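The exercises below are meant to be worked through with the sequence and the model side by side. Try each task before reading the solution that follows.

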Amino acid sequence: MLVSTATRSLLRSNGAVLRQNVRLMSSVASSEIQAAAAGHNTTAKREIHSDPPQMKSAPPLQYASQPTYLPEDAADEKEEEAATSGMADRFKITAEVTVSKIFPAGFGWQSSSIFAEEYLGYSADSMAFALTTGLGDAIGVMAGHCVYYAAKKSITGDDSINMERETQTGLLLASAAFCSGTAWQPLVDVLQGANLPFMQVFAGTWIGCGTAFYLGLRGARTILSGPCKYIHEPTYENLRVL
């Protein structure tokens, strides 16, 4: 009985020690497992944060496309501006010629024709009548040109207008107008005497008076280029200009 009791007591004490050892080993194992897990997580976190953060690059800015101007476009614009300016200058010159020369020439011719026929008694088909109307045409051109430029200088204050030069230019034009004004009535009489229609009479008179004006202009240059310093002698350069 004592042996059995001692044996049981020994077994009990050994079992208690064994259970304690098992508990101790299990606690140590669990601690090691937790430590290993913690170390794994720390390593994982370190691995995750060890790389530098990747910044997403912003997309490039989109600018509205600007119109492209080529040299050819600029050249075309300049040509258009030059053409517009040239057309405006032509209209301006035409208006000045109409006001300062054509209207005064017509008024002078018509007035002198009335004076020659009513007061001097010249018939319309006589040379005296033609010369009188030519003189009236020349006076009208001379007066119209000088009065126009004198008024223009007075109104605009343009100092570039030289009245001595304009007076000599008016004399040159008046000499040519005398020739065309003198030729007008004889040309009309000849063409109407040929029983030509109106358009042919008109065209023939226009061509004949234009030719007379041109020849009178060249002749006046030859005569007036000596005493008048602003009138040049006939040259190839002034063949198509005043």
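**Exercise 1.** In which helix does L172 lie, and is L172 buried or exposed?

*Solution.* Bear in mind throughout that the model is predicted. Begin by locating the residue in the secondary structure: L172 belongs to helix α4. Next, apply the cut-off for burial, which is under 20% relative accessible area; because L172 has a relative accessibility of 4%, it counts as buried. Finally, look for a residue distant in sequence: the C-alpha atoms of L172 and M142 are separated by 8.6 Å, although the two residues are 30 positions apart along the chain.

**Exercise 2.** Describe the make-up of the protein as a whole, and state what share of its residues count as buried.

*Solution.* Counting elements gives five helices and zero strands, and from the N terminus on the order reads α-α-α-α-α. Turning to burial, 22% of the 242 residues count as buried. As for contacts, among those with a separation of 6 or more, 65% are made by residues 24 or more positions apart.

**Exercise 3.** Compare the end-to-end reach of helices α3 and α5 with the spans expected at 1.5 Å a residue.

*Solution.* For α3, the 30 residues should span 44 Å at 1.5 Å a residue, and this agrees with the end C-alpha atoms, which are 43 Å apart. Helix α3 covers residues 127-156 and is followed by G157, whose phi is positive, near 70°. For α5, which comprises the 27 residues 198-224, the distance from the first C-alpha to the last is 38 Å, close to the expected 39 Å.

**Exercise 4.** At what angle do α3 and α4 pack, and how does their contact divide by residue class?

*Solution.* The angle between α3 and α4 is about 150°, and their axes lie 7 Å apart. Since angles over 145 degrees count as roughly antiparallel, α3 and α4 are therefore roughly antiparallel to each other, and their crossing is right-handed. By class, the contact of α3 with α4 has 17 nonpolar, 10 polar and three charged residues. A further pair to inspect is P186 and A130, which are 56 residues apart in sequence and 7.1 Å apart in space, C-alpha to C-alpha. P186 lies in helix α4 and, at 31% relative accessibility, counts as partly exposed.

**Exercise 5.** Against which helix do the buried residues of α5 pack, and what is the geometry of that packing?

*Solution.* List the buried residues of α5 before examining their partner: they are V201, T205, C209, A212, G216, L217, R218, A220, R221 and L224. These buried residues pack against α4, which covers residues 163-193. The two helices α4 and α5 meet at an angle of about 150°, with their axes 7 Å apart, which makes α4 roughly antiparallel to α5. By class, the contact of α4 with α5 has 18 nonpolar, eight polar and one charged residues. As to handedness, α4 passes α5 in a right-handed crossing.

**Exercise 6.** Where does N195 lie, and what is its phi near?

*Solution.* N195 is placed in the loop between α4 and α5. Its phi is near 55°, a positive value in a residue other than glycine. For comparison, most residues other than glycine have a negative phi. The last step concerns accessibility: because its relative accessibility is 70%, N195 counts as exposed.

Methods. Residues numbered from 1 in each chain as written. Predicted model: local features only at pLDDT ≥ 70, side-chain atom pairs only at ≥ 80, totals over all residues. Heavy atoms only, no water. Helix = DSSP H or I, 4+ residues; strand = E, 2+ residues; numbered from the N terminus. Expected span 1.5 Å × (residues − 1). Contact = heavy atoms within 4.5 Å. Axes fitted to C-alpha atoms, helices over the stretch in contact; angles between N-to-C directions. Parallel < 35°, antiparallel > 145°, perpendicular 65-115°, else oblique. Left-handed = near helix turned anticlockwise from the far one by under 90°. Nonpolar A, V, L, I, M, F, W, Y, C, P; charged D, E, K, R; others polar. Buried < 20%, exposed > 50% of the residue type's maximum accessible area, 1.4 Å probe, protein only.
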